[in-house]
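Reader: I am new to this structure. Please take me closely through one part, the buried interior, and then through what surrounds it.

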Amino acid sequence: MSTDSLFNSIDSIEFYVGSAKQWAYFHEKAMGFRVIGYSGPETGVRDRISYLMGQGDVRLIFTGFLSRSSEISRHVELHGDGVKDVAMDVNDLEETLSFIRENGVVKPGGVTKLKGENGTLAKAELKTFGETIHSLRDYGEWDSDLPPGFKEIESRENSLGVKKVDHVVGNVEENKMDPWVNYYVKGLGFNQLMSFDDKDISTKYSALKSKVVEYGGRKIIFPINEPALGLKKSQIQEYLDYYETPGVQHIALATDNIIDTVRRMKKNGIPFLETPGTYYDELEDRVGKIDEDLDVLKDLNILVDRDDDGYLLQIFTQPIGDRPTFFYEIIQRKGATSFGKGNFKALFESIEREQEKRGNL
Ligand code: FE2
């Protein structure tokens, strides 16, 4: 069989956090997500509280712990709030697992079958960078939008225009990017897209290397970063220091109207990275003609980049939790298939100003 149908899509992304209720409230009130489901003692799950949130095709799960002895408690103590599971939906779990086993690079965990009133959900886990996992979910015999153990929550549509996950980025240690690219390419049958080296993405002070893997015609996209040597500490290294291990750095959320989405998020108090005003002076020379009003983009600090296929608009939030680790990107693609390489410099300078404020530069 063709290997481009073993993974369908990103099913959901689960965070382990200090307070699931607060993360859910924040995403509902400021980010345009709505609560779809809840799981906890009331639904027969004794050790944790989880909220399933949705916007467009994006599904996020925020999970907190109810006891000190919980694995979630240990995870949060070590990493702070962060992504635990980038779950993927598969067509046929057995087929996907035998493909992975044959490749011999990735060692999958055993199959768990969760039974409930909606049928049986078959799951297996792959360990990836740090303590992050990919759970693989086969919904073939499961007849519900909610995972087992969740009850439905009635909530109003709340969207700020987020349609889907564009990409999920992992930060790994120096010299570990290539082994992790190999994990996805040789181990899981992903394709490598393109690469930047530290000459492309560097400023005077810090640098990174990045490679991108994708699956199924860009249905799933995972860029992987490692720190590169600069005069001062790389922002990837700062992440690794605070997260304590490799992990998910950011999730890029795609919208069809970034100006509207970002304007509304800002109104709700989401803090975004600032961009130097001078960035916009040279923008038209760099990217050519675009549909959007430059003054509006400048006002909102939205970045623009162009590649051979078109252009893209993007902006990055400040870290969402207390530690300078996980953040979101909001992205609108107008043909472009790349990731904003031309904006790295502007982004870096912007991130470094924040790093400097924390005394970590
Ligand atoms: Fe990104």
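Author: What follows starts with the main core and then turns to a helix, a strand and two hairpins.

This is a predicted model. Start with the largest nonpolar core, which has 80 residues. Seven of its members touch the most other members: Phe 7, Ile 13, Phe 15, Phe 190, Phe 222, Ile 251 and Tyr 328. Helix H4, residues 177–188, gives the most to this core. Its share is six residues. Where does the core sit with respect to the domains? Domain 1 covers 3–152 and domain 2 covers 162–358. Both give residues to the core, so the core lies between them.

Take Phe 190 from that list. Set aside its neighbours within four places in sequence. Phe 190 is then in contact with Phe 7 and Phe 222, both named above among the core members that touch the most others. Phe 190 also meets Met 88, Tyr 184, Val 185, Val 213, Glu 214, Tyr 215 and Ile 220. There is a second, separate core as well. This one has six residues, including Ile 236, Leu 240, Tyr 243 and Phe 344.

Now look along helix H4. Its buried residues are Met 177, Trp 180, Val 181, Tyr 183, Tyr 184, Gly 187 and Leu 188. Tyr 184 is also one of the contacts of Phe 190. How does the span of H4 fit its twelve residues? At 1.5 Å a residue, H4 should span 16 Å. The C-alpha atoms at its ends are 16 Å apart, so the two values agree. Just after the helix comes Gly 189, with a positive phi of about 80 degrees.

Next, strand S10. His 167 has its place there. Is His 167 buried or exposed? Its relative accessibility is 2%, and the cut-off for buried is under 20%, so His 167 counts as buried. Its side chain makes a polar contact of 2.7 Å with the side chain of Asp 166. Another polar contact, of 3.1 Å, goes to the side chain of Glu 329. Beyond its sequence neighbours within four places, His 167 is in contact with Ile 221, Pro 223, His 250, Ile 251, Ala 252, Glu 329, Ile 331, Arg 333 and Phe 339. Ile 251 in that set belongs to the largest nonpolar core.

Asn 171 lies in S10 too, a strand of residues 162–171. Its relative accessible area is 0%, so Asn 171 is buried. What does Asn 171 touch, leaving aside neighbours within four places in sequence? Its contacts are Asn 225, Ile 236, Tyr 239, Leu 240, Pro 246, Gly 247 and Gln 249. Ile 236 and Leu 240 are members of the second core. The side chains of Asn 171 and Asn 225 are joined by a polar contact of 3.2 Å.

Asn 171 also leads to the hairpins. Gly 130 is 41 residues from Asn 171 in sequence. In space, C-alpha to C-alpha, they are 9.2 Å apart. Gly 130 sits in the hairpin of S7 and S8, where five residues lie between the strands. Gly 130 takes a positive phi near 65 degrees. Strand S7 runs antiparallel to strand S8, residues 133–138, and six bridges join them. Ala 122 stands opposite Asp 138 in S8.

S7, residues 119–127, has another partner. That is strand S6, residues 112–116, which pairs with S7 in the antiparallel sense over five bridges. A hairpin of two residues joins S6 to S7. There, Gly 116 stands opposite Gly 119 in S7.

Conventions. Residues are numbered from 1 along each chain as its sequence is written. This is a predicted model: local features need pLDDT of at least 70, side-chain atom pairs count only at pLDDT 80 or more; totals for chains, interfaces and linings use all residues. Side-chain values use heavy atoms; hydrogens and water are left out. A nonpolar core is a set of buried Ala, Val, Leu, Ile, Met, Phe, Trp, Tyr and Cys residues joined through side-chain atoms within 4.5 Å. Buried means under 20% relative accessible area, exposed over 50%, partly exposed in between (1.4 Å probe, protein chains only). Helices (H or I, at least four residues) and strands (E, at least two) are DSSP runs, numbered from the N terminus. Domain bounds come from an automatic or database domain assignment. Contact means heavy atoms within 4.5 Å. A polar contact is a pair of N or O atoms within 3.5 Å; within protein, one must be able to donate a hydrogen and the other to accept it, and residues adjacent in sequence count only if both atoms are side-chain atoms. Two strands pair if DSSP finds at least two bridges between them. The expected span of a helix is 1.5 Å times one less than its number of residues.
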